[in-house]
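Trainee: Got a minute to go through this one with me? I'd like to start with the cysteines.

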Amino acid sequence: MCSKSLVQITSKITAHAKSGSISFARKLFDEMPHRDTIAWNAMISGYSQLGFQKESLSLFSSMRFSKENPDHFTYTSALSACAGLKDIKFGQGFHALVIVSGCSSFLPVNNALIDMYGKCLRVEEANRVFEEMGLRNEVSWCSLLFAYANNGLLDISKTIFFDMPKKVVVAWNTIISGYAKWGEIELCLELFKKMLKEHSCRPDQWTLSAVINACSETNDPCYGFMLHGFIIRSGWHSAAEVNNSVLSFYIKFGEKNDVLKAVESLRICNEISRNVIIDAYMSIGNLEKAYLAFQCVPEKNLISWTSMITGYMRNGHAEYALRFFLDLIKSHIKPDDITLGTVLHACSNLATLGHGRMVHACVVRFGFRAYAYVGNGLVNMYAKCGDISNAYRAFNDVLNKDLISWNTMLFGFGLHGRSNQALRIFQEMLASNVKPDKVTFIGLLMTCSHLGLIEEGLSFFESMNSKFNLSPEIDHISCVVDMLCRCGKFEKAKEFADKYIGASDSKVSSLEVLFGSCSSFHGISDLGAGEELAGKLKILKPSDEMSYVLMSNLYCASGQWKRAQGLRKDMAERGVRKTCGCSWIEVRNCVTAFVAGSNEFPFMDQVRVMLCVVESETRYPVSTLWWDGIT
């Protein structure tokens, strides 16, 4: 092949790679009878720049077995691929090859080494390369700055930033993004103000995107509103990156109309924009438009699918979230830990053990069993579906257990009546140097309440403040009151509620807490106390269903059915509505729900017949082999 033809084909490979047509570029490359180093570099660089890091490194390996030797351009592209994969072993191997090949004196290679070590969280190695460089440029300084900022070493990052000979826009963006990433929002905004005072450089779309993302992490949206005004005045409102961040900000803080306006203002849409639009419609509960936006995505990636699954879960449609997950698997897209954790939450809400086990199989298959977020979802799913043994197995599979892992397992054991295991989990948690939070103590107090462990419960309550510096809240007080009432200690419960609720800032009165616990114990004296409390609570909150419903439950518990029926009639006359009870059952991977008072179930006649059979069998235990109805 003549040199002119070689140059032409190499130019075409470069052009196809830059336009994103990497498969056409590879076809041209494979058809070349002879390839020089420049052709290899064009293909390796094309893969690396488009995010195909594994293909880039694979091609580099093939090049080493060819007659052409890698040069400093080859190593620069290969190191960028290692940085993208965050693969330190490959990166260190390439560093050794760079030294052996004599390319360590080239500035772009050293800059790529610093970037690779920074993205692999190896700050000392990045700094060593920087110190050994004879020649440095702005890229060198920015790469080192990123290495420290990416590791959360913000004080050193700040020193490097102010030591820089020239502070370019990339340097400002790096330090601002670093502060935003590690939650130093005020310092991030201060640096942005300093940047605005600089005459040598002005903020670009990446600066504004980073700052508006930082504003999304604050509790006060006023900074974000002001910055949005600045974005419009400075003319950056047409940049896709800025618009995506602005829309994400309004999803968190804006009203429904604000979100819709932010969506309508998107002039240029990229792949990220389409996913943010899905999130926007899901955030305001417009599931139909979110679905249409999803259908309009030309190439649906994992983020698109996860946005839909998460959105359906957030809007209370766990069954649709599960369906989308099944479609995701059919599309041959590998889920990540976020997707799997979300769909496990859907299985927990539906209490569908069959689907939960299917998702568990996916977790094992894709290698996410040891991830804390996924493991916590598995523990929660199995516990809510009644399989506490597998919940404990999933808990043990989590390598680095966080506070949520311990709390979830503790709640699981508590709700299943396993008090000894729940208390043992708490002791193991303390032995692992994990500090309990307020949720932990709710789980402990609920366990003690359900099992009548009064002394242990009161001891845990007292230790919250004295030992762990946690102030009890209304939920903790309610658990203790419930525990005392369950054991018939009504006077002590009343005294406890008056003491702690009166001293707290809670808007809930001691009457409500006490009355909520009255339905958990029985007896004529308790019924009288319940009636007295109900009268007071009706005066306090006449339109609240709580006093009526719980008083009705007390009447039913003591066998006074007519009085219970009269109370519910009184509710109807006063216009007080009770939230309908709902139950569901999973049969052959299909969930069927039953709502109290509804006759919409298509097989209601068969259900009534079966209930009669069950009632008859309960009262008069005889064989029911004659029944051949529902199977």
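Trainee: Is cysteine 448 buried or exposed?

Mentor: Cysteine 448 counts as buried, because its relative accessibility is 0%. Buried means under 20% relative accessible area, exposed over 50%, and partly exposed in between, with a 1.4 Å probe and protein chains only. This is a predicted model, where local features need pLDDT of at least 70, side-chain atom pairs count only at pLDDT 80 or more, and totals for chains, interfaces and linings use all residues. Residues are numbered from 1 along each chain as its sequence is written, and side-chain values use heavy atoms, leaving out hydrogens and water.

Trainee: Why no bond for cysteine 448?

Mentor: The closest cysteine sulfur, in cysteine 479, is 9.6 Å from the sulfur of cysteine 448, so it is too far for a bond. A disulfide here is a pair of cysteine sulfur atoms within 2.5 Å.

Trainee: How many disulfides by that rule?

Mentor: The count is zero. Cysteine 215 is in no disulfide either, with the nearest cysteine sulfur, that of cysteine 188, 7.4 Å away. Cysteine 215 counts as buried because its relative accessibility is 1%.

Trainee: Switching to helices. What is the angle between helix 9 and helix 11?

Mentor: About 5°, with the axes 9 Å apart. Helix 9 covers residues 138-150 and helix 11 residues 169-181. The two are therefore roughly parallel, a label for angles under 35 degrees, with over 145 roughly antiparallel, 65 to 115 roughly perpendicular and the rest oblique. Axes are lines fitted to C-alpha atoms over the stretch in contact, and angles run from 0 to 180 degrees between N-to-C directions. Helices are DSSP runs of H or I, at least four residues, numbered from the N terminus.

Trainee: Which residues make the contact?

Mentor: Helix 9 uses Cys142, Leu145, Phe146, Ala149 and Asn150, and helix 11 uses Val170, Ala171, Thr174, Ile175, Gly178 and Lys181. Contact means heavy atoms within 4.5 Å.

Trainee: And the largest nonpolar core, how many residues?

Mentor: It has 164 residues, and those with the most contacts inside it are Met116, Ile176, Leu227 and Phe496. Such a core is a set of buried Ala, Val, Leu, Ile, Met, Phe, Trp, Tyr and Cys residues joined through side-chain atoms within 4.5 Å.

Trainee: What does phenylalanine 496 touch?

Mentor: Leaving aside neighbours within four places in sequence, phenylalanine 496 contacts Leu458, Phe461, Ile477, Val480, Val481 and Leu484. Another core of eight residues lies apart from the largest one, including Tyr548 and Leu567.
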